[in-house]
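Hi everyone, thanks for coming. I'd like to walk you through one structure today, so please have a look at the screen.

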Amino acid sequence: MIRLLYISSTREPHSRARLDNILSVSRRNNVAADITGLLIAGGNRFLQVLEGPEARVQETFERIRFDERHFAPVVLKREAVEERLFGKWAMGFQPGGALNRTSTMTDEVAGLVAPIDDPLLKAYFEGFARRHAA
Ligand SMILES: Cc1cc2nc3c(=O)[nH]c(=O)nc-3n(C[C@H](O)[C@H](O)[C@H](O)COP(=O)(O)O)c2cc1C
């Protein structure tokens, strides 16, 4: 199994209708593909985690990459894992925290994940921030 984290940008502010459409299609497809994860939307960014069987995650990410509702996805982390961290959600959703336009990628990720309460999930993103800064 793998877990993949990427960040991408949008040209327009996030709209409820667009997010609802992305989430409903994602949940339907991800259940069928045994994929779980979390989508965070804040400012003009998406931050998304996908976890599941490697081939399934890879083919799903290939579709997502070329989706015109966002652009320039950057993979921040891709790792082999034994257990799911986001197993509760076919695709969970979390509004991101406040973003500062001039911040570094590490600060941006920290801002986006700031509203997450679960300490385990928080540690996953903070682990990225530490490694990325090092
Ligand atoms: C930010 C973002 C996240 C997405 N996440 C997923 C996802 O987790 N799973 C998925 O199947 N599609 C996801 N999509 C949608 C895909 O890009 C694509 O539109 C969809 O998979 C096509 O499904 P369909 O062939 O069943 O219509 C996402 C799109 C965006 C913009």
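Before we start, one term: two strands pair if DSSP finds at least two bridges between them. Please also keep in mind that this is a predicted model.

With that term in hand, let's begin at strand S1. Seven bridges join S1 to strand S4, residues 71–80, and the two run antiparallel. One of the contacts to find on your screen is Leu-5, whose bridge partner in S4 is Lys-77. S1 also pairs with S3, again in the antiparallel sense, over eight bridges. There, Ile-7 stands opposite Leu-47 of S3.

Now, is S1 covered or open? Mostly covered: eight of its eight residues are buried. In a regular strand the side chains alternate between the two faces of the sheet. Here, Ile-2, Leu-4, Tyr-6 and Ser-8 point one way from S1, while Arg-3, Leu-5, Ile-7 and Ser-9 point the other way, and all of them are buried.

Let's follow two of those side chains, starting with Tyr-6. How many aromatic pairs does the structure hold? Five. In one of them, Tyr-6 meets Phe-61, with 5.2 Å from centre to centre and 45 degrees between the planes, a tilted pair. This pair links distant parts of the chain, as Tyr-6 is in strand S1 (residues 2–9) and Phe-61 is in helix H2 (residues 54–65), 55 residues apart. Tyr-6 and Phe-61 are both buried.

Another pair has a different label, and here is the reasoning. The planes of Tyr-124 and Phe-125 are at 70 degrees, with the ring centres 5.1 Å apart. Planes over 60 degrees apart count as edge-to-face, so that is what we call this pair. Tyr-124 and Phe-125 are buried as well. Ring pairs also link these two with Phe-86 and Trp-89 into a cluster.

The second side chain from S1 is Arg-3. Arg-3 lies over the face of Tyr-124, at 5.6 Å from the ring centre. There is another arginine to look at: Arg-11 has its charged end over the ring of Phe-71, 4.1 Å from the centre.

Next, the largest pocket. About 300 Å³ of space lies in it. Which residues are closest to its centre? Of the 17 that line the pocket, they are Ile-22, Ser-26, Ile-64, Asp-67 and Arg-69. Helix H1 (16–33), strand S3 (45–52) and H2 are the elements that give two or more residues to the lining, and H1 gives the most, with five. By character, the lining divides into eight nonpolar, six polar and three charged residues.

Finally, a few individual residues. Asp-34, in the loop between H1 and strand S2 (36–42), has a positive phi of about 65 degrees although it is not a glycine. Why does Asp-34 count as partly exposed? Its relative accessible area is 43%, and partly exposed covers values between 20% and 50%. Ala-72 is in strand S4 and has a positive phi too, of about 50 degrees, without being a glycine. At 45% relative accessibility, Ala-72 is also partly exposed.

Last stop: Leu-99, in the loop between strand S5 (92–95) and helix H3 (105–113). Leu-99 is partly exposed, at 28%. Its C-alpha atom is separated by 20 Å from that of Asp-118, 19 residues apart along the chain.

Key
Residues numbered from 1 in each chain as written. Predicted model: local features only at pLDDT ≥ 70, side-chain atom pairs only at ≥ 80, totals over all residues. Heavy atoms only, no water. Phe/Tyr/Trp six-rings, centres within 6.5 Å; stacked < 30°, edge-to-face > 60°. Helix = DSSP H or I, 4+ residues; strand = E, 2+ residues; numbered from the N terminus. Buried < 20%, exposed > 50% of the residue type's maximum accessible area, 1.4 Å probe, protein only. Lys NZ or Arg CZ within 6 Å of the ring centre and 35° of its normal. 1 Å grid on protein atoms, 1.4 Å probe; cavity = no way out; pocket = protein on both sides within 12 Å on 5 of 7 lines; lining within 4 Å. Points joined across faces, edges and corners; volume = space filled by probe spheres on them. Nonpolar A, V, L, I, M, F, W, Y, C, P; charged D, E, K, R; others polar.
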